[in-house]
Amino acid sequence: MDRANEMRFAVENTLGKLAKWLRILGFDTFYKPDLSAEKLMDMGPGRILLTRTARIRDVNTSPKLVFITSDNPFEQLREVIETLGIAPKDARPFSRCVRCNTMIREVDKDSIRKRVPDYIWETHDTFRSCSQCGRIYWPGSHTQRSRDIIKRLFK
Ligand SMILES: [Zn+2]
């Protein structure tokens with residue numbers, strides 16, 4: 001059983017940075033900034049609801065809820081990881097589009113020639129793209145910073 005597939009989230013609209021980080025880690029994360037926390041509860045079975053709204057916690061009947069207490073996105077992520085016992089092997093870092101939650105896949109370098117800045121195209125060999133929104137990803141300085149943060153997360 002692939003544990004990463006079990007860990008699907010629905011994230012409250014006040015927790016945008018947390019949602020972004022869960023996507024960076026590769027978890028299927030439903031997040032819509034304009035959706036109220038109440039509506040989020042209807043987002044279907046199978047998703048673990050992440051909320052920091054006490055009244056949502058109190059009316060929720062599903063056991064699949066993590067109540068977030070911190071205001072800091074890094075600490076919020078720690079809360080999720082510790083509460084659910086997520087291990088590094090459960091994560092698939094950089095496998096999912098941060099913007100729209102779709103799995104991204106490697107693309108031919110020549111096919112995205114005009115879609116990234118010249119200097120990026122000239123200095124990188126590996127590119128991946130999101131089939132949903134078209135966003136292009138490449139291993140850049142951002143990724144190194146993200147890797148460092150991920151390392152610290154699981155300590
Ligand atoms: Zn996308």
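Reader: Leaving aside its neighbours within four places in sequence, which residues is Ser 70 in contact with?
Author: This is a predicted model, in which local features need pLDDT of at least 70 and side-chain atom pairs pLDDT 80 or more, while totals for chains, interfaces and linings use all residues. Residues are numbered from 1 along each chain as its sequence is written, and side-chain values use heavy atoms, with hydrogens and water left out. With contact taken as heavy atoms within 4.5 Å, the partners of Ser 70 are Arg 52, Glu 75, Gln 76 and Glu 79.

Reader: Is Ser 70 buried or exposed?
Author: Ser 70 sits in the loop between strand S4 (65-67) and H5; helices (H or I, at least four residues) and strands (E, at least two) are DSSP runs numbered from the N terminus. The classes are buried under 20% relative accessible area, exposed over 50% and partly exposed in between, with a 1.4 Å probe and protein chains only. Ser 70 has 16% relative accessibility and therefore counts as buried.

Reader: Which backbone nitrogen does the side chain of Ser 70 reach?
Author: The distance is 3.0 Å. The backbone nitrogen belongs to Asn 72.

Reader: Which residues coordinate the zinc ion?
Author: Donors are N, O and S atoms within 2.8 Å of the metal (3.2 Å for Na, K and Ca), and sites may look incomplete because water is not among the atoms. Here the SG atoms serve, at 2.3 Å. In sequence the donor residues follow the spacing C-x2-C-x29-C-x2-C. They are Cys 97, Cys 100, Cys 130 and Cys 133.

Reader: What is the arrangement of the four donor atoms around the zinc ion?
Author: Four donors count as tetrahedral if all angles lie between 85 and 135 degrees. The angles here are 96 to 119°, so the arrangement is tetrahedral.

Reader: How many residues apart in sequence are the parts that Cys 97 and Cys 133 tie together?
Author: Cys 97 is buried because its relative accessibility is 0%, whereas Cys 133, at 29%, counts as partly exposed. Cys 97 lies in the loop between helix H5 (73-84) and strand S5 (104-107), and Cys 133 in the loop between strand S6 (127-130) and strand S7 (136-137). The parts so tied are separated in sequence by 36 residues.

Reader: How many disulfides does a search of the whole structure find?
Author: A disulfide is a pair of cysteine sulfur atoms within 2.5 Å. The number found in the whole structure is zero.

Key. Four donors count as tetrahedral if all angles lie between 85 and 135 degrees; four count as square planar and six as octahedral if opposite donors are over 155 degrees apart and all others between 65 and 115; anything else is irregular. A polar contact is a pair of N or O atoms within 3.5 Å; within protein, one must be able to donate a hydrogen and the other to accept it, and residues adjacent in sequence count only if both atoms are side-chain atoms.
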